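Student: Hi! Could you walk me through this protein structure? I'm new to this, so plain words please.

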Amino acid sequence: MNASLDDRFAAAMGQLLGPNFPTEIALAVSGGGDSMAMLYLAHNWTRAWGVKLWVVTVDHGLRPESATEAAMVAGECATLGWPHATLRWHWDGAGNVMDAARRARLSLIDRWRGGIDHVLMAHTRDDVAETFLMRLARGSGLDGLSAMRASRQVRAVPDALPPECSGACPPGSAGERFWIKRPCLDMDRAELRHYLRTLRGRWVEDPSNEDPAYDRARMRRLLALLGAEGIGAATLAATAKRLREDRFALIARAVDVWRAYGSAGHGTLSLDPDWHGPVEPGTQRRLLAAMLRYVSGAEYAPRAEALEDLRQRVVSGGGGTLHGCEVQHVGGRPTVFREFAAVAQTRAVAGQHMHWDGRWRITDAAPSGLIVRALGEDGWQQLPDRPDDAPPHRIALSLPSLWDGARLVACDAMGLGPGNTTVLPSDAPEPVRFARFLLMQ
């Protein structure tokens, strides 16, 4: 006998969050069938586990009905007894609207979540299959065709302003990262709708799901045609899952190479001079891409053509600039560090902001009111002396420093000031943190 949807949801939650469940989790609920089914499933699940739910709806304002749909979710949450908030976003008209909306959704939820570290999203097996087709049409390789993870860690948005919000906000302070959990990845859209109908639950259908102007809508139609030929959502999702498993094996290989040849210091990542000799080009590209993402804080890897061009230059003894980073040989070691031009205008105020350039935390040792910015050429010229272990000029330019107007006050890496004013996360040594980052790709 097949397990019920409630049992399957409970099993997925056990794998994603157990055995020591958090006391509170958040759910991103749009009002569509998938997310409303997840809301009812989670509500029923909490009867056994006693976890408090916080529900959030992001109103992107792209359709006239969106505000009414958010109100519907709020009403259902009130009936079920869970706090709800609506976060509003206003598109500035720049870039791809769907990509901008997705990025905004994560950013808004991050700023709303308070001390909650786990946010549930209702991606389904159909979403995996549709994404597979979309990326196949773009000529994606293994990474692009791999199924989305059931659990994904997301870097928080440091020092961002609170979102435009109506409703309940969780208490507590947000950590540096939070987790997206997807308990419905092995469920079909059709069975979630059946679950809703059985419970007499409410949901809305987004008309954009049928609009051929959107890639996903076209792929949804194509998927229906492929299903008639035996290439349905389950088959494509299973293929994407196998590719994800293969991808993890390649990631593990890159981690092994990093542990054998990599090191870190002053916010940089570097490799031994002979690192590339026993390492195949595919792993070289994967490792370089991860190093660039880690140092820059970028969400995505650089484009394949640019990455391959950089790889060839690096293994030949050269370097280059890519993804907000520079790669140069320092002491014979290919070293990835922040490009000065990428941070030249980045500013923070000690005592008002907690971070600079995403990675660097401003500590209480930094006198309040001073400006935190990249050292730059003007700062380099003001240094009275330079420690023997100080980073070279090119790297030093993009490192954080403290300023009082035009006067350089402190730069930890160059031995100026009280020290310990701007630090990287210290939960583990930097080489270990990067290895963890690689494993989460």
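Tutor: Happy to! A word you'll need right away: a residue counts as buried when its relative accessible area is under 20%. Keep in mind, too, that this is a predicted model.

Student: Okay, let's use that word. Is C77 buried or exposed?

Tutor: C77 has 0% relative accessibility, so C77 counts as buried.

Student: Why is there no bond from C77 to the closest cysteine sulfur?

Tutor: The closest cysteine sulfur belongs to C165, and because the sulfur of C77 is 13 Å from it, that is too far for a bond. A disulfide would need the two sulfur atoms within 2.5 Å.

Student: And what about C411?

Tutor: C411 is in no disulfide either, as the nearest cysteine sulfur, in C325, is 18 Å away. C411 has a relative accessible area of 1%, so C411 is buried as well.

Student: How many disulfides are there, then?

Tutor: The count comes to zero disulfides.

Student: Got it. New topic: helices! How do people describe two packed helices?

Tutor: They give the angle between the two axes and the distance between those axes.

Student: Nice. What are those values for α10 and α15?

Tutor: Helix α10 covers residues 281–296 and helix α15 covers residues 430–439. They pack at an angle of about 115°, and their axes are 10 Å apart. That angle is why α10 and α15 are described as roughly perpendicular to each other. Their crossing is right-handed.

Student: Which residues meet there?

Tutor: From α10 you have L287, A290, M291, R293 and Y294, and they meet E430, R433, F434, F437 and L438 of α15. Sorted by class, this contact has seven nonpolar residues, three charged ones and no polar ones.

Student: What about α1 and α7, how do they cross?

Tutor: Helix α1 (residues 5–17) and helix α7 (residues 189–199) cross at roughly 120°, and their axes come within 11 Å. Because of that angle, α1 and α7 are oblique to each other. L5, D6 and R8 of α1 make the contact with E191, L192 and Y195 of α7. The classes here are three nonpolar, three charged and no polar residues.

Student: Let's look at single residues. Where is T124?

Tutor: T124 sits in the loop between β4 (118–120) and α5 (125–137). With 0% relative accessibility, T124 counts as buried.

Student: What is T124 in contact with?

Tutor: Setting aside neighbours within four places in sequence, T124 is in contact with D34, C184, L185, M187, R189 and L192.

Student: And R247, where does that one lie?

Tutor: R247 lies in helix α9, residues 233–261. R247 has 15% relative accessibility, so R247 counts as buried. Leaving out neighbours within four places in sequence, its contacts are L142, D143, S146, R286 and Q441.

Student: Last one: what sign does phi usually have?

Tutor: Most residues other than glycine have a negative phi, and most peptide bonds are trans. H266 is not a glycine, yet it has a positive phi of about 55°. H266 is in the loop between β8 (262–265) and β9 (268–271). H323, also not a glycine, has a positive phi near 65°, and H323 lies in the loop between β10 (320–322) and β11 (325–330).

Student: And which peptide bond is cis?

Tutor: The one from G18 to P19 is cis, with omega near 0°. P19 is in the loop between α1 and β1 (24–28).

Definitions and conventions: Residues are numbered from 1 along each chain as its sequence is written. This is a predicted model: local features need pLDDT of at least 70, side-chain atom pairs count only at pLDDT 80 or more; totals for chains, interfaces and linings use all residues. Side-chain values use heavy atoms; hydrogens and water are left out. Axes are lines fitted to C-alpha atoms, for helices over the stretch in contact, and angles run from 0 to 180 degrees between N-to-C directions. Helices (H or I, at least four residues) and strands (E, at least two) are DSSP runs, numbered from the N terminus. Angles under 35 degrees count as roughly parallel, over 145 as roughly antiparallel, 65 to 115 as roughly perpendicular and the rest as oblique. A crossing is left-handed if the near helix is turned anticlockwise from the far one by less than a right angle, and right-handed if clockwise. Contact means heavy atoms within 4.5 Å. Ala, Val, Leu, Ile, Met, Phe, Trp, Tyr, Cys and Pro count as nonpolar, Asp, Glu, Lys and Arg as charged, and the others, Gly among them, as polar. Buried means under 20% relative accessible area, exposed over 50%, partly exposed in between (1.4 Å probe, protein chains only).
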